[in-house]
Amino acid sequence: MKFRAKLVDVTCIQQFTNIVGTIAKLIKVCTLRITLDKLYFILSETAANGGIQIWCELPQGHFCDEYAMQGISAEANEIYVELCPENLLRALKTAQAARWVKLKLTHKHTPCLTVEVELPSIGSCHRLAVHDIPITIVKRRNWVDYAEPEMPNFDVSIAMPTLKILKNVVDKMKNINNFVSLSANQSGEMKLSVETDMVTINTHFKDLFNPAWRHDGGDGEDGQASRSRSSSQLDPEEFAEARIDIRRFAQFLSSQQVNPNRVICNILNKRVVHFYLMHDDVSLQYFMPVVSS
């Protein structure tokens, strides 16, 4: 089992660092899946732990100038390791002025993901920073626990307003209630609502885009790859609703360092809300379960 990757382009190093920074703000431990053509950051919590799911896909060809991996066998040519994304972020933060960054699997008393950073030389002195990040190898029989989340037939798919605007709204609302109702329809409308015994506050957004989604993974109307399509029985003006933990929603909005081109919100009425972030070839999916009222 081997893995080695080298990032040289400054923009790619920065983008990779931002993605890891986003993951680190959302979760403390995740699984890194390594395949021939992609890297994945995965979290799949059980319903008892809140049911949060994260699936982040990074095509290695977009980031890496050199890339080599060998899985556990020819039939199972993949690698799964568990790590703390905050530790990886600390290592990458030393690479902002780096000439290159290398990632590789090593064994130094314990399995590690080693990050090597070549910093700009001072005179004739070459500087190399090395960070050994402890990891846990995920056994083959447990890989099934990290399958891509199934995409249900959502009732509503809608492009979200600017995340900065949403964050400002949600930050004010979280002082009123622990939960927020996020609702949207197929006519380009979205609402955020919080209420107490004394007051109800609603924020409305209009003229938003409702993308088309297809099961076959083809391109939607906005030219982005899509994985599901709304087969809702709701009328276009009727709202699908998801009541979610407002602090987790605020955490999601505050974590974004990817600067996505578009964020799609998919709602299965009173069951689940799914956020789909797209930036160039990178995608991040974030599932939040609905809380019963």
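Which residues of helix α5, residues 246-255, are buried? I will come back to that after the sheets. One caveat before anything else: this is a predicted model.

I start with the five-stranded sheet. Its strand order is β5-β1-β7-β8-β9, the sheet is open, and the pairing is antiparallel. β5, residues 66-70, and β9, residues 125-134, are at the edges; each has a single partner strand, so one side of each has no neighbour in the sheet. From one strand to the next, the twist averages 20°. Within this sheet, β1, residues 2-7, and β7, residues 100-107, run antiparallel and are joined by four bridges. If you want a register point, take Ala-5, whose bridge partner in β7 is Leu-103.

Next, a helix pair. Helix α1 covers residues 10-26 and helix α3 covers residues 85-92; their axes come within 9 Å and cross at roughly 150°. Angles over 145 degrees count as roughly antiparallel, and α1 and α3 are therefore roughly antiparallel to each other. The crossing is left-handed. On the α1 side the contact is made by Phe-16, Thr-17, Val-20, Gly-21, Ile-23 and Ala-24, and on the α3 side by Pro-85, Glu-86, Leu-88, Leu-89 and Leu-92. As background for reading such lists, an α-helix has 3.6 residues a turn, so residues three or four places apart point the same way.

Now the four-stranded sheet. It is also open, with the order β14-β13-β12-β15 and antiparallel pairing. β14 and β15 are the edge strands, each pairing on one side only. Neighbouring strands here are turned by 20° against each other on average, direction ignored. Six bridges join β13, residues 190-195, to β14, and these two run antiparallel. One position to look at is Lys-191, which stands opposite His-204 in β14.

Two helices lie across this sheet. Helix α4, residues 163-173, lies across β12, β13 and β14, and runs at about 15° to β13. Helix α5 lies across β12, β13 and β15, and runs at about 90° to β15.

That brings me back to the opening question. The buried residues of α5 are Ile-246, Phe-249, Ala-250, Phe-252, Leu-253 and Ser-255. At the start of α5, a side-chain oxygen of Asp-245 reaches to within 2.9 Å of the backbone nitrogen of Arg-247.

A separate polar site is Ser-157, found in strand β11, residues 156-159. Is Ser-157 buried or exposed? Its relative accessible area is 1%, and the cut-off for buried is under 20%, so Ser-157 counts as buried. The side chain of Ser-157 makes a polar contact with the side chain of Asn-266, at 2.5 Å.

Last, some backbone angles. Most residues other than glycine have a negative phi. Which way does Asp-207 go, positive or negative? Phi of Asp-207 is near 60°, a positive value. Asp-207 lies in the loop between β14, residues 200-205, and β15, residues 240-245, and is exposed, with a relative accessible area of 77%. Lys-270 also has a positive phi, near 60°. Lys-270 lies in the loop between β16, residues 262-268, and β17, residues 272-279. With a relative accessible area of 57%, Lys-270 is exposed.

That is the end of my notes.

Technical notes
Residues are numbered from 1 along each chain as its sequence is written. This is a predicted model: local features need pLDDT of at least 70, side-chain atom pairs count only at pLDDT 80 or more; totals for chains, interfaces and linings use all residues. Side-chain values use heavy atoms; hydrogens and water are left out. Buried means under 20% relative accessible area, exposed over 50%, partly exposed in between (1.4 Å probe, protein chains only). A polar contact is a pair of N or O atoms within 3.5 Å; within protein, one must be able to donate a hydrogen and the other to accept it, and residues adjacent in sequence count only if both atoms are side-chain atoms. Two strands pair if DSSP finds at least two bridges between them. Axes are lines fitted to C-alpha atoms, for helices over the stretch in contact, and angles run from 0 to 180 degrees between N-to-C directions. Angles under 35 degrees count as roughly parallel, over 145 as roughly antiparallel, 65 to 115 as roughly perpendicular and the rest as oblique. A crossing is left-handed if the near helix is turned anticlockwise from the far one by less than a right angle, and right-handed if clockwise. Contact means heavy atoms within 4.5 Å.
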